Amino acid sequence: MKQHQAVDGTMAAGRVDCSPASFVIEGRLARVGGQNILFGSSGQAIFAVNDTAADIWCSVEEGMPPAAIAFEIARGGIDRHEANRYVEAALEDWERLGLIRPRAPLSPPSAYEHVSRVVAIAGLHIRIAYPAAWAFPAIAVFRHLEVQTDAADILLHLAEHRGRIHLFRDSDWIQSCSPDELPVMLKGHLLTEVLEHGAYELAVHAAALLGRERVVLLCGNPGAGKTTLTMALVHAGFGFAADDVTLLDSKGRCVGLPFAPAVKAGAWPLLAEYCADLHAIPIFRRPDRRRVRFAVPRTFAPHSPHSVGSVILLRRGHDAKACLAPVDPASALRGLLNGAFAPGREVTGAAFDTLTKIIGSAQAYCLTYSRLDDAVELIAKACR
């Protein structure tokens with residue numbers, strides 16, 4: 001497809017970006033054995049495309065505006081509006097798959113176009129600039145983390161482009177999502193910022209609650225019920241410190257990352273009696289399109305570091321009899337190390353020493369349960 005030099009950019013159907021070189025290419029096209037194959041370097045993915053899509057791809061690589069691409073397709077005898085829709089669909093799919101992305105904004109967003117907030121997490125101050133049209137209700141998920149300051153260590157800028165929300169760190173593009181995935185994307189990236197720039201010895205994959213001035217760590221594989229049990233324990237009087245990741249300092253003390261828990265749809269009926277307003281919370285989606293509601297706890301633990309009183313390994317089973325049984329130090333260490341993350345990506349001897357300090361002074365249990373009420377009762381009796 002040859003580039004057309006003078007093309008009217010006003011198209012009746014669809015949203016068309018007429019600026020040249022609108023995209024940065026993150027994929028590669030090849031023709032192998034008569035088939036057009038797109039390779040996505042970021043996800044190491046392979047996609048087969050037809051000849052028209054391959055022509056569109058080549059035009060995007062040349063910096064051709066979408067309106068001009070659609071014009072060229074229409075010159076081949078296809079209806080103008082249909083050509084425009086075809087180009088729009090291809091570009092939207094490729095953006096979603098990470099094969100192309102918009103160029104970084106050349107100027108900072110104006111105050112009229114964006115809503116800006118600073119959140120504080122584990123000692124980091126991060127400014128988030130939301131597009132005004134998409135700020136709500138997503139902004140409410142992080143409202144409990146907001147602080148009143150103009151100073152920030154990191155700037156995250158969100159921009160809407162072709163129906164997707166794109167995340168920039170300063171002027172560097174990070175990733176994109178659909179509007180209903182915005183809080184999920186932000187939560188994941190805020191966690192990344194903390195793990196890459198925060199001060200800690202080890203990050204463990206565990207929920208953290210405060211009882212008797214000491215932290216209770218809940219460890220378990222996906223599906224073990226950490227989030228549901230955490231929300232039920234907050235309702236029972238524990239202070240919320242973290243839902244998924246907890247930081248440990250060199251003394252073995254915990255600093256929670258108090259992101260709002262993302263409660264999956266399957267847990268909504270279970271938590272109805274513990275979170276009376278859960279049904280009124282907006283629904284968002286994860287990248288796998290599973291529905292979640294972000295339930296902001298009403299009671300938070302103080303942000304200061306606390307020592308660990310109990311480590312509980314979760315084992316949920318259908319019709320399992322509820323039991324809270326002591327476990328040996330090796331089992332407790334395995335539970336804490338499962339999914340642990342250390343600065344530099346490697347769990348060092350110093351980080352291991354931190355874990356042994358915790359296990360040496362804390363009570364370690366395995367909780368087997370089926371019913372949520374039974375689990376809450378056993379933990380409350382042992383840890384409050």
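**Notes on the predicted model**

1. Let me start with helix α2, where the buried residues are Pro 66, Ala 67, Ala 68, Ile 69, Ala 70, Glu 72, Ile 73 and Ala 74. That makes eight of the ten residues in α2 (66-75), so the helix is mostly covered, taking buried as under 20% relative accessible area. Note that Glu 72 is on that list. The cover over these residues includes β1 (23-25), α1 (51-61) and α3 (80-96). After the helix comes Gly 77, with a positive phi near 110°. Bear in mind throughout that this is a predicted model.

2. Now the overall picture. The secondary structure adds up to eight helices and 22 strands, and along the principal axes the C-alpha atoms fill a box of roughly 75 × 50 × 45 Å. Of the 384 residues, 46% are buried. If you take contacts between residues at least 6 apart in sequence, 69% of them join residues at least 24 apart.

3. On the surface and the charges: the protein exposes about 18,500 Å², and carbon and sulfur atoms supply 52% of that area. There are 39 positive and 40 negative charges, and the mean positions of the two sets lie 6 Å apart.

4. The sheet I would look at is an open one of six strands, in the order β14-β12-β13-β20-β22-β21, with mixed pairing. At its edges sit β14 (239-242) and β21 (323-326), each pairing on one side only. On average, neighbouring strands here are turned by 25° against each other, direction ignored. As a reminder, strands of a sheet pair through backbone hydrogen bonds, either parallel or antiparallel.

5. Zooming in on the β21 edge: β21 pairs with β22 (363-369) in the antiparallel sense, over four bridges. If you want a residue pair to click on, take Leu 324, whose bridge partner in β22 is Leu 367.

6. What lies across this sheet? Helix α8 (372-383) does, over β12, β13, β20 (308-316), β21 and β22. Relative to β22, α8 runs at about 165°. The edge strand β21 is thus one of the strands that α8 lies across, while β22 serves both as the pairing partner of β21 and as the strand against which the α8 angle is given.

7. There is a cis peptide bond to check: it joins Phe 136 and Pro 137, with omega about 5°. Where does Pro 137 sit? You will find Pro 137 in the loop between β7 (124-131) and β8 (154-161).

8. Two non-glycine residues with positive phi deserve a look. Ala 122 has a phi of about 50° and lies in the loop between β6 (114-121) and β7. Is Ala 122 buried or partly exposed? Ala 122 has a relative accessible area of 30%, so it counts as partly exposed.

9. The other is Arg 212, with a positive phi of about 60°. Arg 212 belongs to the loop between β12 (206-211) and β13 (214-219), two strands that follow one another in the sheet order of point 4. At 54% relative accessibility, Arg 212 is exposed, because the cut-off for that class is over 50%.

Key: Residues numbered from 1 in each chain as written. Predicted model: local features only at pLDDT ≥ 70, side-chain atom pairs only at ≥ 80, totals over all residues. Heavy atoms only, no water. Buried < 20%, exposed > 50% of the residue type's maximum accessible area, 1.4 Å probe, protein only. Pairing = 2+ DSSP bridges. Axes fitted to C-alpha atoms, helices over the stretch in contact; angles between N-to-C directions. Contact = heavy atoms within 4.5 Å. Areas by Shrake-Rupley, 256 points an atom, 1.4 Å probe, with all protein chains shown as cover. Lys, Arg positive; Asp, Glu negative; His and termini not counted. Charge placed at Lys NZ, Arg CZ, Asp CG, Glu CD.
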